[in-house]
Amino acid sequence: MPKVLVYITAHITWIFLFWGTDVNENRAHVHVGKKGTDELCKIWLEPNVSIENGGSLTDKQQMQVLDLAITYHQELLRQWKHFKTGQKIRLITIKK
C-alpha cells in the first residue's frame, strides 16, 4: 500500500494511498483514511474528482478529503501513473 500524500493538521492526519491490487484497475483513484484506522474512503481522480465510497467518514470529513483531493489532483494523478507503470511513488507530506 504505497502512501502518496500525508496531510497533517493539529487535529487529524489524513493518509492518501494506493492499494497494491489497484494496479489492475484502470480508472485513477486513491484511498483516504485517518491515521490509525483501517476504514478508508475511495475517491475517483477521473474523469472528475468524486467520492465513490465514504467509508466511515462523516459528511464533513468526506468534504475535507474531497477538497484535498481536488487541491492535489494533478500530483495524485501523476503518482497514479507512476504506480501503474511500476515507477517509484514520491510521498508528499503537508503540515498545516
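**Two tryptophans, a salt-bridge network and the overall fold**

Trp-19 sits in the loop that runs between β2 and β3. The model is a predicted one, and this loop is a handy place to start. With a relative accessible area of 35%, Trp-19 comes out as partly exposed. Setting aside residues up to four places away in sequence, its contacts are Met-1, His-31, Leu-40 and Phe-83. Glu-39 is 20 residues from Trp-19 in sequence, and the two C-alpha atoms lie 13 Å apart.

Gly-20 belongs to the loop between β2 (13–17) and β3 (29–34) as well. Its relative accessible area is 43%, so Gly-20 counts as partly exposed. The C-alpha atom of Gly-20 is 7.6 Å from that of Pro-2, although 18 residues separate the pair along the chain.

Zooming out, the chain is built from 2 helices and 6 strands. In sequence order these follow the pattern β-β-β-β-β-α-α-β. The radius of gyration is 12 Å, close to the 12 Å expected from the globule rule for 96 residues, so the chain is as compact as a globular protein of that length. Along the principal axes, the C-alpha trace spans about 35 × 25 × 25 Å. Of the 96 residues, 46% are buried. As for contacts between residues at least 6 apart in sequence, 39% of them join residues at least 24 apart.

The accessible surface of the chain adds up to about 5,700 Å², and carbon and sulfur atoms account for 50% of that. On the charge side, there are 13 positive and 9 negative side chains, with the centres of the two sets 9 Å apart.

The structure contains 2 salt bridges, and Glu-75 takes part in the pairs described here. One of them pairs Glu-75 with Arg-78, at 2.2 Å from N to O. These two residues are both in helix α2 (residues 73–84), 3 residues apart, or about one turn of the helix. Their surroundings differ in exposure: Glu-75 is buried, because its relative accessibility of 13% falls under the 20% cut-off, while Arg-78 is partly exposed at 42%.

The other salt bridge is formed by the side chains of Arg-90 and Glu-75, at 3.3 Å from N to O. This pair links distant parts of the chain: Glu-75 is in helix α2, whereas Arg-90 is in the loop between α2 and β6 (92–95), 15 residues away. Arg-90 is partly exposed, with a relative accessibility of 48%. Since the salt bridges share partners, Glu-75, Arg-78 and Arg-90 are joined into one network.

Helix α2 also carries Trp-80. This tryptophan is buried, at a relative accessible area of just 4%. Not counting residues up to four places away in sequence, Trp-80 touches Phe-18, Asp-22, Glu-25, Asn-26, Arg-27, Ala-28 and His-29. Of these contacts, His-29 falls within the residue range of β3 (29–34). Thr-58 is another matter: it lies 22 residues from Trp-80 in sequence and 26 Å away in space, C-alpha to C-alpha.

Over in the other helix, Gln-61 has its place in α1 (residues 59–71). A relative accessible area of 15% puts Gln-61 in the buried class, because that class takes in values under 20%. Once its neighbours within four places in sequence are left aside, Gln-61 is in contact with Ile-12, Trp-14, Lys-34 and Ser-56. Two of these partners fall within strand ranges, Trp-14 in β2 (13–17) and Lys-34 in β3 (29–34).

One backbone detail rounds out the picture. The peptide bond joining Glu-46 and Pro-47 is cis, with omega at about -5 degrees. Pro-47 itself is found in the loop between β4 (41–44) and β5 (50–53).

Definitions and conventions: Residues numbered from 1 in each chain as written. Predicted model: local features only at pLDDT ≥ 70, side-chain atom pairs only at ≥ 80, totals over all residues. Heavy atoms only, no water. Helix = DSSP H or I, 4+ residues; strand = E, 2+ residues; numbered from the N terminus. Rg over C-alpha atoms; globule rule 2.2 N^0.38 Å. Buried < 20%, exposed > 50% of the residue type's maximum accessible area, 1.4 Å probe, protein only. Contact = heavy atoms within 4.5 Å. Areas by Shrake-Rupley, 256 points an atom, 1.4 Å probe, with all protein chains shown as cover. Lys, Arg positive; Asp, Glu negative; His and termini not counted. Charge placed at Lys NZ, Arg CZ, Asp CG, Glu CD. Salt bridge = Lys/Arg side-chain N within 4 Å of Asp/Glu carboxyl O.
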